[in-house]
Amino acid sequence: MQPFREESFRSRPLHRAAAAGDTEALAKCLAQGINPYAPIDKGITPLFVAVRNAKEAIVSMLLDRYQEDLAHVPKTVKDRSTGWRCRPILIAWTVEECERAVTLATNCPAGIPLHAQVFVWLYRMHDGHRFVALDVGNRSKIIAAFRFIQQLFPNGVLSLDQSDYRENYDNSLQMACGYSSVEIVDLLIARGASLSMGSGPNDRTPFMAACEMAREPMIEHLLTKYADRFNPTSRRQDGRNVVHLLVQMQKPALLERLMDRLVQYRVKKFGETDSQAFNEMFCYRPDSEYAYDHLWYYVRSPAMKKLCAKYAEQYQLDLSSHLNDTIVLEYLIREGLFLDYCYKTIRNDLSLLRVCGRNDELTMLHTLILSKRLAFVKELYRDHGEIVKSIFEVDSREPSQAHVAMRYLVQEADEVGLQFVLEHHREYYVRNVDKLQESTVDMFVFKDLLQKSSRIVDLLQQTFPELRDAISIAKNDKKQAYELDNGMYVDCGV
């Protein structure tokens with residue numbers, strides 16, 4: 001985001017003064033009674049402009065003004081947890097607005113739940129009031145109250161964490177961490193800006209903003225000086241945290257510098273083990289219709305793959321955790337990621353071979369074979385032959401997973417994989433020739449195999465004499481279809 005230009009705010013003297021860093025012009029505007037909280041498009045206030053343009057003197061002046069105005073907010077409101085931050089205070093600026101606010105105010109704010117209360121700060125005192133809560137619980141006033149609320153929206157809100165009551169735009173502290181100076185960040189935090197509150201469309205925290213912009217001095221400053229003020233592993237509204245963002249942006253160097261600190265934060269804060277902390281941070285299961293939208297999809301660059309493989313081993317990645325319609329182990333096997341760690345984990349726990357992956361269609365053993373991980377599969381058959389064979393041949397569903405695997409091997413014309421399966425499981429398949437035929441010869445793609453992958457057809461004929469008649473019929477059907485097509489071309493004069 002580029003700094004704001006003065007000429008962009010020709011009709012907004014306060015914004016123009018903030019962009020230019022003109023303290024005299026700013027002081028003059030404030031003395032004339034111009035509202036410093038009124039935003040323009042996308043919640044951009046004079047403070048937001050000054051922060052982006054790194055105009056520290058302007059930021060300081062606007063924060064002084066905010067502190068003066070905030071002094072009129074009752075301490076009882078500010079002390080009621082953080083609820084008032086989530087419901088920013090509206091502003092009545094004109095004389096008419098201040099009068100109307102008092103007219104619609106409740107005499108008993110405590111009688112309205114905090115989450116339903118609407119607070120209004122009055123620029124001008126009216127009947128001794130500078131701060132009121134609207135009587136939104138009174139049926140006789142509720143329509144007038146909500147019309148008045150809409151009237152006040154353009155005035156902005158009395159808050160450092162939000163600039164617009166209607167939309168959650170990026171706030172000033174997030175902007176400061178992403179683009180401005182350490183000094184301005186310190187000023188904002190000292191005046192009450194929250195490091196733990198997210199802003200913008202995805203509720204991004206200030207720390208996330210610093211990480212996304214790869215501002216290492218700012219990141220270090222926040223972690224060193226304000227470690228007790230925010231959770232560096234918190235998630236955005238879409239479920240992502242800084243780990244996911246850095247992986248997605250292919251920033252392995254920054255991720256490596258942060259990982260241990262993030263893990264140790266969770267260990268101390270939540271009493272987790274190193275492994276639990278890592279798995280909690282790396283886990284990302286968005287509510288998305290796109291199956292690829294997860295952390296591991298973004299592990300792409302060689303450097304990021306190498307780093308994440310190291311972390312998988314170091315922190316014991318949970319391979320059985322769910323990942324959209326599958327589990328982490330299946331995705332890693334299919335994509336060839338962290339295979340050494342996957343194989344080591346399977347050797348120590350053969351029950352993982354029984355776990356089903358995508359749509360509960362195939363076990364991890366079938367997935368290993370279909371993904372061409374045969375060197376490891378041969379090791380498993382050598383060392384644990386009977387156990388592994390029983391897993392492959394389990395008949396817990398219809399069609400069986402062994403027959404589904406056969407379909408895939410034939411369909412993909414995977415000669416090596418098919419040869420391995422037939423070598424170890426021929427007896428299983430011949431127990432039910434009808435199902436075997438359904439999984440091979442009767443498939444629609446088999447007709448194409450007759451022409452394109454004759455070796456697959458020959459292998460099936462040699463291994464299963466029981467299929468020779470069916471294969472012969474399929475060949476004749478293919479030949480007749482070819483002759484029929486040829487005759488049509490001749491008749492048409494082609």
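Let's call a residue buried when its relative accessible area is under 20%, exposed when it is over 50%, and partly exposed in between (1.4 Å probe, protein chains only). Keep in mind that this is a predicted model, where local features need pLDDT of at least 70, side-chain atom pairs count only at pLDDT 80 or more, and totals for chains, interfaces and linings use all residues. Residues are numbered from 1 along each chain as its sequence is written, and side-chain values use heavy atoms, with hydrogens and water left out.

Start at helix 8, residues 142-152 (helices, H or I of at least four residues, and strands, E of at least two, are DSSP runs numbered from the N terminus). Its buried residues are A145, F148, I149 and L152. Looking down the axis, these fall within an arc of 105°, so they line one face of helix 8; the arc is taken from the directions from the helix axis to the C-beta atoms. An α-helix has 3.6 residues a turn, so residues three or four places apart point the same way. Over on the other side, I143, R147 and Q150 are exposed.

What do the buried residues of helix 8 pack against? Their partners are strand 1 (89-92), helix 7 (95-103) and strand 2 (119-126), with contact meaning heavy atoms within 4.5 Å.

Now step back to D135, in the loop between strand 3 (129-133) and helix 8. D135 counts as buried because its relative accessibility is 12%. Its side chain makes a polar contact of 3.3 Å with that of N138 (N or O atoms within 3.5 Å, within protein one able to donate a hydrogen and the other to accept it; residues adjacent in sequence count only if both atoms are side-chain atoms). Leaving aside neighbours within four places in sequence, D135 also touches L104, A105, T106, I112 and K141.
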